[in-house]
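Subject: Handing over a structure

Dear colleague,

I am passing on the structure below, together with some notes on what was found in it. Please look it over first and then read on.

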2 protein chains.
Amino acid sequence: MTHYDVIVLGGGPGGYIAAERLGHAKKNVLLIEADSLGGTCLNVGCIPTKALLNAAKTYEHALHGTQLGVNAGEVSVDWTQMQKWKAQTVAALVGGVGAAEKKAGVTVVKGYGTFEGPGRVSVDGATHTADHVILATGSVPVMPPIPGAQDNPQVIDSTGMLAIESIPARLAVIGGGVIGLEFASLFAMLGSEVTVIEMLPEIAPFMDAEIAGQLRKGLDGVTFNLNCKVTGIDGGTVAFTTADGAQQSVEADVVLMAVGRRPAVQGWGAEASGLEFSGKGVVVDDRMRTNLPGVWAVGDVTGRSLLAHAAYRMGEIAVANILDADAHRKGEVMRWNTIPWAVYTNPEAAGIGYSEEAARAAGHNAKSVTVPGYMSGRFVAENGLKAPGAAKLVYDADTLQVLGLTVLGSYASEMIWGASVVLESELNVTDLRQVVFPHPTVSELIREAAWAVNA
Amino acid sequence: MTHYDVIVLGGGPGGYIAAERLGHAKKNVLLIEADSLGGTCLNVGCIPTKALLNAAKTYEHALHGTQLGVNAGEVSVDWTQMQKWKAQTVAALVGGVGAAEKKAGVTVVKGYGTFEGPGRVSVDGATHTADHVILATGSVPVMPPIPGAQDNPQVIDSTGMLAIESIPARLAVIGGGVIGLEFASLFAMLGSEVTVIEMLPEIAPFMDAEIAGQLRKGLDGVTFNLNCKVTGIDGGTVAFTTADGAQQSVEADVVLMAVGRRPAVQGWGAEASGLEFSGKGVVVDDRMRTNLPGVWAVGDVTGRSLLAHAAYRMGEIAVANILDADAHRKGEVMRWNTIPWAVYTNPEAAGIGYSEEAARAAGHNAKSVTVPGYMSGRFVAENGLKAPGAAKLVYDADTLQVLGLTVLGSYASEMIWGASVVLESELNVTDLRQVVFPHPTVSELIREAAWAVNA
């Protein structure tokens, strides 16, 4: 038994970044992971989906290059090779996380850890002690109690979908959130007939509704059933009730259950320890402190965000406050409203901050402008005039402060970090107008939006 | 003869944005353009090259999709169709500029304008007067006095290269700046055997030398001759002297002269008007004022920057100071060091601010960190571990202020505007570390660089 400065329970993005930062700060750190380093994101989430989505976009571009002057003959998908590329990517990056922990001097133990209370974690029969414990146990897919969903080999979750042996001719996706949409777009590009069934009136409820609607219309080859509630699954047949109460069904070869993920709060001793939970997950403050002394929680297990980069930042916040009791006074607190999101569908969407509705609900005199994709010369040069694309800027009409930005179209995910800087720096529309964007870029849509504000 | 609030001479990016902004501010504006609206950038510069480069990247991706699981059969280029797509793009965007001017209430005259002095511009025999004149006459390609270059049908400039009737089997490019590099990358992707001859020790002298070297090595299919001075051209044979004084030559079907562009300061009356010139162009201050009262100059003609987005900003600065004599006190002055640049080669590069050397020369205790592309999960998922990619951060070691950023790799051009915000907001490395980037993105390389600083 060794005494550590910090024990980190869980090697996903929140846990591994915390361990790495602590190691570089010369702390003696134990990182415990039951499975592969990298967690959901790297092993069965963000990374493998992006490897596949990029391959699918390459296929899509090869298929439709004729108008650009690129003729590609007979274009086909080699799913086995696509899976191999994905597996290579994941293996390389998992290795990279291991190497980074080693370089930081972190002790990594593979095993299923149990939290035994403040300063105590056991793994493989040994109990380790520490001044601090960071809980980063992640999340698991939700399998809702829909009749016929359990023990149905045709119903799989996102992890199963990533490992599927062939491209299904017909795919039904239950849930129109990020996970459902990315898989819908992926398999639609690869030729599947895709149907999405979503309970709410619009897909991607975290997204500005106007842009969500444009994204939905832009997802070629995907049929959407909104306001629909799945009532049962029989083999590959998904029965659902429509908004007006009618009963419908869709036939599929594979049914992807993508209704969400929930914090992994069971099985690792949390219940017995007196840790405070809400319905969402482990309760934390803006420094990532739990109710127990020296016990911190970061990432999906907090239920505050299921995004890997939010987990990174939570890990960093916990580390900053472990290393320096005054860190929170120096700005090292979670600012939930400056966390961007990205959806890697074709077309992509990304955003940050308030939607117009949310800004009004928060008391702002919120207004917005939306500019179309064809306002960008590069967008037109690469996609033509009619491809889905937009930038929407939400601002406070009294102060002109920028409150939110959403972008739909190519490169959206790569340009949105600039909007994080805009929100972190609390720029207003006038400030944003003075920022010089390189020409020609799709990112200039954000500048066009700032200039379209009537101020 | 009509009296205007403002006459704008030249309808390129600097001129057309100035006219548009003035029109929206209810000013009575005359915009004079001898050729197509949009200037060099839209007609024979940034836009047509980006249309072709995107098409060439599509071809490149289709050719090399096998490892990703995309098999594309016989892939071929239809140059005529590629040119058609380019022409459609340009036509659509030129139309868009015209529509924007019309919407802003700007009077557009097609003709060759002559500046007759403060407040006076003639076109087609009529003299118009105005309170202010904005000179935006642009630039022209430099054709250096190399023996055999003039009146040689095999030697063409960038405008000629864009209109070339077929893809040359062998292309020699004289000049390794942005224009030369983009054409070199374009035709290398399309199968030409490309040789670049550059006088300086490294390509892209405006770029951080370390990243420029990586870009050079990453440009597949392009042979570089650095430190080489062209001594003569005979048909398609380019003779040059190497650094050690040896005489060499390269045989090509087409020779692209891409040694630069110079301000268009002749033929429109500038000489007679008493306008002050330097060797670079029309002399302006940081409000874009010339030495003559009520006469402003923006864009390439100032010789301060040949970038379209710099011209936009110069146009906006002139407009802000025309509309409000106090605008400069409100921050409406050119900040030359916060103008980003982008090179749309394959791979792309983009940057902003100081290189390490330039920062030292400016008196900073400058240090830098460089992180490789494989530090980004998305980069690896899309390109593998070995593709060229990097982010370099230059900072002041005393204050930790961010002084410069350069990115090499996919999406570089679309992510760099965020660095404009970082520099405009004068963030330091600690601030940048707190910015949340979406995961997984290539833009995260910038965050990795901030965390790699030993501070």
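How many residue pairs are in polar contact between chain B and chain A? Please bear in mind that this is a predicted model; in it, the count between the two chains is 34 residue pairs, with both residues at pLDDT 80 or more. On the side of chain B that touches chain A, helix 3 (residues 46-63) of chain B gives the most, with 11 residues, and the residues of that side divide into 42 nonpolar, 26 polar and 18 charged.

The contact as a whole takes 86 residues from chain B and 86 residues from chain A, and the area buried between the chains is about 7,000 Å², of which carbon and sulfur atoms give 63%. Six salt bridges are found across the interface, and one of them joins the side chains of Arg378(B) and Glu414(A), at 2.8 Å from N to O.

The backbones also pair across the chains: strand 4 (residues 76-77) of chain A and strand 3 (residues 70-71) of chain B run in the antiparallel sense over two bridges, with Val70(B) as the bridge partner of Val77(A).

As for symmetry, chain B can be laid on chain A with an RMSD of 0.0 Å by a turn of 180° and a shift of 0.0 Å along the axis, and the two copies are therefore related as by a two-fold rotation axis. The same surface serves both copies, since 100% of the contact residues of chain B recur in chain A. Of the residues of chain B, Gly418(B) comes closest to the rotation axis, with its C-alpha at 1.8 Å.

With best wishes

Conventions: Residues are numbered from 1 along each chain as its sequence is written. Chains are lettered from A and ligands numbered from 1 in the order in which they are written. This is a predicted model: local features need pLDDT of at least 70, side-chain atom pairs count only at pLDDT 80 or more; totals for chains, interfaces and linings use all residues. Side-chain values use heavy atoms; hydrogens and water are left out. Contact means heavy atoms within 4.5 Å. Buried area is the accessible area (1.4 Å probe) that two parts lose on being put together, summed over both. A salt bridge is a side-chain nitrogen of Lys or Arg within 4 Å of a carboxyl oxygen of Asp or Glu. A polar contact is a pair of N or O atoms within 3.5 Å; within protein, one must be able to donate a hydrogen and the other to accept it, and residues adjacent in sequence count only if both atoms are side-chain atoms. Helices (H or I, at least four residues) and strands (E, at least two) are DSSP runs, numbered from the N terminus. Ala, Val, Leu, Ile, Met, Phe, Trp, Tyr, Cys and Pro count as nonpolar, Asp, Glu, Lys and Arg as charged, and the others, Gly among them, as polar. Two strands pair if DSSP finds at least two bridges between them. Copies are superposed by least squares on the C-alpha atoms of residues with pLDDT of at least 70 in both.
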